[in-house]
Amino acid sequence: MLSFGKRIASLRKELKMSQTDLANQLNTSVSVISRYERDEMTPSVDTAKKLAQLLNTSVGYLLGENDNAGLFKSPEMLKRFQDISEFDEEDRRYILYTLDALIKNVKLKSIA
């Protein structure tokens, strides 16, 4: 499992962003970013939120709440899950039924 710092470094590199770029966007120094990535320092909650936003992920992903590398990394996917959870039971059941059918269709298509 990747540490908080390793996740930051990995996402930063995926975005082809230097430590300097990230530091500038976060209004901090390169040495602070380096210390985060080496797990020598932990950011405040507000800074972790800003890091997640800049790295197109969620704080939960950065914290390692999910080991599945990309499953809950996407804020867009998390927003969809949140929206679905707020619907009443009947609407949720319909949405999940439809989603299950679409997933099954895609899986069958990839087998063929």
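These questions and answers concern a predicted model.

Q: What makes α2 roughly perpendicular to α3?
A: The axes of α2 (residues 19-26) and α3 (residues 30-37) cross at roughly 110°. Angles of 65 to 115 degrees count as roughly perpendicular. Therefore α2 is roughly perpendicular to α3. The two axes come within 8 Å.

Q: Which residues of α2 and α3 meet?
A: From α2 they are Q19, T20, L22, A23 and L26. Their partners in α3 are V30, I33, S34, Y36 and E37.

Q: Which residues of α3 are buried, and what covers them?
A: V32, I33, S34, Y36 and E37 are the buried ones. Buried means under 20% relative accessible area. The cover includes α1 (4-14), α2 and α4 (45-54).

Q: Why is D39 called partly exposed?
A: Its relative accessibility is 38%. Buried is under 20% and exposed is over 50%, so a value in between is partly exposed. D39 lies in the loop between α3 and α4. It has a positive phi of about 60° although it is not a glycine.

Q: How do you know that N56 is partly exposed?
A: The value for N56 is 47%, and partly exposed lies between 20% and 50%. N56 sits in the loop between α4 and α5 (59-62). Its phi is also positive, near 55°.

Q: What makes F87 eligible for a surface patch?
A: Patch residues need over 30% relative accessible area. F87 has 37% and is partly exposed. With I95, L96, L99 and I103, F87 forms a nonpolar patch of about 370 Å² accessible area together. F87 itself is in the loop between α6 (75-86) and α7 (89-111).

Technical notes
Residues numbered from 1 in each chain as written. Predicted model: local features only at pLDDT ≥ 70, side-chain atom pairs only at ≥ 80, totals over all residues. Heavy atoms only, no water. Patch = residues over 30% accessible without salt bridge, like charges linked within 9 Å, V, L, I, M, F, W, Y side chains within 5 Å. Areas by Shrake-Rupley, 256 points an atom, 1.4 Å probe, with all protein chains shown as cover. Salt bridge = Lys/Arg side-chain N within 4 Å of Asp/Glu carboxyl O. Helix = DSSP H or I, 4+ residues; strand = E, 2+ residues; numbered from the N terminus. Buried < 20%, exposed > 50% of the residue type's maximum accessible area, 1.4 Å probe, protein only. Axes fitted to C-alpha atoms, helices over the stretch in contact; angles between N-to-C directions. Parallel < 35°, antiparallel > 145°, perpendicular 65-115°, else oblique. Contact = heavy atoms within 4.5 Å.
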